[in-house]
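Trainee: I am new to this structure and would like a close look at a single part of it. Please take the place where the chains and the DNA come together and go through it step by step.

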2 protein chains.
Amino acid sequence: MTRKSEDAGGRSTIRDVAARAGVSASTVSRVLGGEYPVSSATRTRVMRAVRDLDYVADARAKAVAGVGTPTLAFVLEDITGPSFALMAHGVEREATRLGHLCLVCSTEGDVEHELEFVEMMRAQRAAAVILVGGAADTAEYRARTRRMADSLASAGSRLVLCGRPTLGAGAPVTVIEYDNEGGAFALVAHILAQGHRRVLFLGGKADHTTAQGRERGYLAAHRARGLDPDPALLLHGDFTRDSGHRLMRGALKNGLDFTAVVAATDMVAAGALTALHEAGLEVPGDVSLAGYDDIPFARDLHPALTTVHVPYEELGRLAVRTALGRTPETPDEHLLLGTHVVVRDSVGATGS
Amino acid sequence: MTRKSEDAGGRSTIRDVAARAGVSASTVSRVLGGEYPVSSATRTRVMRAVRDLDYVADARAKAVAGVGTPTLAFVLEDITGPSFALMAHGVEREATRLGHLCLVCSTEGDVEHELEFVEMMRAQRAAAVILVGGAADTAEYRARTRRMADSLASAGSRLVLCGRPTLGAGAPVTVIEYDNEGGAFALVAHILAQGHRRVLFLGGKADHTTAQGRERGYLAAHRARGLDPDPALLLHGDFTRDSGHRLMRGALKNGLDFTAVVAATDMVAAGALTALHEAGLEVPGDVSLAGYDDIPFARDLHPALTTVHVPYEELGRLAVRTALGRTPETPDEHLLLGTHVVVRDSVGATGS
DNA sequence: CTGAAAGCGCTAACAA
DNA sequence: TTGTTAGCGCTTTCAG
């Protein structure tokens with residue numbers, strides 16, 4: 001019978017190990033630390049005790065003592081969304097590659113929850129907090145996000161916006177974005193080049209920056225050709241399959257005239273495609289269809305979806321690398337990743 | 001100029017706050033703790049200091065002192081897989097609901113990595129470690145997993161197997177599974193009831209328990225009807241879209257005779273569907289097709305995929321609830337969740 | 001090479 | 001109501 005729960009398996013401490021090996025706690029610490037010179041006899045005895053007790057140093061205590069495993073946190077709305085999942089994957093991989101632990105939090109769109117979580121991460125002394133995914137760019141958003149940024153910065157941490165609306169200058173944030181407008185421009189230019197002139201746009205929420213960027217690209221591509229799209233062809237909804245389905249069905253019912261449709265996201269495109277099928281329309285025979293995001297499933301639709309590729313994983317990886325590669329003197333960084341069209345089978349020429 | 005980085009925003013400690021408020025550290029602790037009686041004058045001064053310094057107590061230190069936020073970890077192969085994502089979502093939501101922080105780790109199938117991570121979680125004193133998703137049930141798997149289970153148990157933590165092969169009796173694990181065989185049985189029975197007699201099975205890896213369960217169901221459904229499926233109709237691959245595509249194309253090229261096909265997963269079904277389309281075959285007109293998992297995208301395929309619903313989110317939620325709801329005396333639990341067929345449009349009657 | 005002692009940031013038992 | 005003193009589990013001077 002020993003004083004502590006030596007054999008019982010419970011959490012044994014460094015002192016238990018020391019006692020069992022007949023040395024001091026410092027010695028155990030040194031053996032486990034690796035670097036420090038220790039006589040091989042002692043080392044053996046200590047290691048044996050460690051094994052016997054199945055001892056693992058408490059990471060939290062190490063952290064307090066200043067030698068913990070660094071941690072990084074990321075926050076997203078819902079890991080179930082394919083593009084979120086891709087970014088999360090990038091974040092997670094890069095974080096572990098750089099030896100960091102990864103804390104996650106789904107907000108389900110709840111702003112309060114997001115705030116609370118960021119505060120917890122500050123308490124955890126997370127090296128950085130990455131906010132993943134789009135949001136509405138309102139004054140309230142900016143104020144709130146700015147507050148989080150300052151709060152983290154003042155605690156020696158860092159806020160990273162990954163695919164989110166930038167804050168004004170002066171905010172201590174790192175932002176990694178991608179080119180929504182450019183991708184949409186290229187995509188719509190491609191469609192116009194196929195001879196289409198009435199292109200329906202199934203957009204997202206009006207105040208969502210991602211949706212806005214894509215819409216701007218749609219407009220710009222028209223203007224670049226001297227075209228002026230019919231405002232009636234610009235529909236708004238959100239980024240879900242249901243929204244695409246509903247919008248498309250409505251357009252069809254209203255007898256809207258168009259030969260191609262561009263959806264704000266691949267999910268929206270999937271919903272629209274279903275509606276098209278239900279109406280007995282052929283894609284791309286009767287109407288062409290394109291999406292945005294290039295989620296893995298885009299290629300599984302029939303016909304395989306022409307869309308815009310967004311380097312989501314890379315976005316996540318870069319968010320981590322940029323945030324962790326900073327020194328206090330590093331100026332705030334703002335990266336913009338490129339996007340490009342992936343031509344598959346859902347867009348055809350007019351009258352073909 | 002004060003001694004510490006009071007205004008500079010750096011990490012201020014409870015002592016900084018105490019000094020600024022002219023009280024002792026314990027008083028600050030009590031004010032922040034909430035419960036303890038403190039004169040409202042002091043409380044105000046302390047709160048002011050806290051605000052001025054933008055102070056947040058170090059969660060790691062609290063943890064060492066015995067009052068930390070509990071943490072829970074989950075490990076999966078790749079968050080990008082739709083069913084993994086669903087389970088992760090369930091885990092995450094339930095964990096935060098129960099006030100736990102959530103650590104994640106993707107293993108990318110690397111066993112070493114998984115082991116390392118579990119060890120880290122033991123060091124972090126995670127309340128439980130949830131291993132999510134199927135695996136090959138080899139002797140090596142059992143030994144390794146058993147070791148992890150013992151190691152965690154001996155540290156007062158807990159290993160949870162969520163949708164993974166059970167260990168033999170006596171292992172300190174909680175397992176939450178779902179009924180692979182039952183679902184496959186029901187699905188294939190449904191298909192046979194439509195008059196199909198030659199049903200191709202696009203299976204997964206031969207030693208993967210999930211794949212095995214589904215295959216058993218396929219076989220059992222035949223036998224229940226006094227049928228004896230042609231062994232040539234049993235193909236093996238893995239759980240990817242590519243596997244489904246490859247297998248299907250091969251079957252078609254070899255002139256295999258069948259009127260329906262059951263894929264081991266919806267992903268496999270998606271690949272198979274593409275191959276069928278490429279071959280100019282109509283689904284379900286020429287051949288019927290069914291999947292397994294009921295991932296969200298199953299309904300976006302055309303035709304919408306008939307499949308087996310697996311309550312993945314629920315699985316994740318239950319894993320957490322079961323693991324955290326334990327006392328040391330709780331017997332090891334083993335839950336088996338039901339699955340059911342979701343009839344959509346990809347299966348038709350023979351000759352229809 | 002090894003041990004004693006101090007310290008990390010916080011809480012809690014004990015006095016006052 | 002408040003301050004003092006231990007103590008959580010670990011690391012790291014500082015002396016031998």
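Mentor: What follows goes from one DNA strand to the other, then to the contact between the protein chains, and ends with a few backbone details. Keep in mind throughout that this is a predicted model.

Start with DNA strand D. There are 25 residues around this strand, and those that come nearest are A:Ile14, B:Ser26, B:Thr27, B:Arg30 and B:Thr42. Of the atoms of DNA strand D that come within 4 Å of the protein, 62% are sugar and phosphate atoms. Particular side chains can be picked out here. In chain A, the side chain of A:Ser29 has an N or O atom 2.8 Å from a phosphate oxygen of DNA strand D. In chain B, a polar side-chain atom of B:Thr42 is 2.2 Å from a phosphate oxygen of this strand. B:Ser26 instead reaches a base: one of its polar side-chain atoms lies 3.1 Å from a base oxygen of DNA strand D. The elements giving two or more residues to this surface are helix H1 (14-21), helix H2 (25-33) and helix H4 (59-64) of chain A, along with helix H2 (25-33) of chain B. By class, the surface near DNA strand D holds twelve nonpolar, eight polar and five charged residues.

Now turn to DNA strand C. Around this strand there are 25 residues, with A:Thr27, A:Arg30, A:Thr42, B:Ile14 and B:Tyr55 coming nearest. Sugar or phosphate makes up 62% of the atoms of DNA strand C within 4 Å of the protein, and the rest belong to bases. Phosphate oxygens of DNA strand C are approached from both protein chains. From chain A, a polar side-chain atom of A:Thr42 lies 2.3 Å from one. From chain B, the distance is 2.8 Å for a polar side-chain atom of B:Ser29 and 2.5 Å for one of B:Tyr55. At least two residues each come to this surface from H2 of chain A and from helix H1 (14-21), H2 and H4 of chain B. The surface near DNA strand C is made up of twelve nonpolar, eight polar and five charged residues.

Next comes the contact between the two protein chains. Here 58 residues of chain B are in contact with 58 residues of chain A. The size of an interface is often given as the accessible area lost when the parts come together. Between chain B and chain A about 5,000 Å² is buried, and carbon and sulfur atoms give 57% of that area. On the chain B side, the residues that lose the most area to chain A are B:Arg60, B:Arg125 and B:Phe297, which together account for 14% of what that side buries.

Charged and polar pairs also join the two chains. There are eight salt bridges between chain B and chain A, while the count over all chains is 46. One bridge between the chains links the side chains of A:Asp300 and B:Arg241, at 2.7 Å from N to O. Another is formed by B:Arg125 and A:Asp58, with the closest N and O atoms 3.8 Å apart. In that pair, B:Arg125 sits in the loop between H6 and strand E3 (128-132) of chain B, and A:Asp58 in the loop between helix H3 (40-53) and H4 of chain A. Polar contact between chain B and chain A involves 25 residue pairs. On chain B, the elements that supply at least two residues each to the side touching chain A are helix H4 (59-64), helix H5 (82-97), strand E2 (101-106), helix H6 (111-123), helix H7 (139-154) and helix H11 (266-278). That side of chain B consists of 28 nonpolar, 16 polar and 14 charged residues.

Strand E2 deserves its own mention. E2 of chain A (residues 101-106) pairs with E2(B) in the antiparallel sense, over three bridges. A:Leu103 has B:Leu103 as its bridge partner in E2(B).

A few backbone details remain. B:Glu108, in the loop between E2 and H6 of chain B, has a positive phi of about 55° although it is not a glycine. In chain A, the peptide bond from A:His302 to A:Pro303 is cis, with omega near 0°. A:Pro303 belongs to the loop between strand E9 (288-290) and strand E10 (307-309) of that chain. In chain B, a cis peptide bond joins B:His302 and B:Pro303, with omega about 0°. B:Pro303 is in the loop between strand E9 (288-290) and strand E10 (307-309) of chain B.

Terms used: Residues numbered from 1 in each chain as written. Chains lettered and ligands numbered in written order. Predicted model: local features only at pLDDT ≥ 70, side-chain atom pairs only at ≥ 80, totals over all residues. Heavy atoms only, no water. Near = heavy atom within 4 Å. Polar contact = N/O pair within 3.5 Å; in protein donor to acceptor, adjacent residues only side chain to side chain. Helix = DSSP H or I, 4+ residues; strand = E, 2+ residues; numbered from the N terminus. Nonpolar A, V, L, I, M, F, W, Y, C, P; charged D, E, K, R; others polar. Contact = heavy atoms within 4.5 Å. Buried area = accessible area lost by both parts, 1.4 Å probe. Salt bridge = Lys/Arg side-chain N within 4 Å of Asp/Glu carboxyl O. Pairing = 2+ DSSP bridges.
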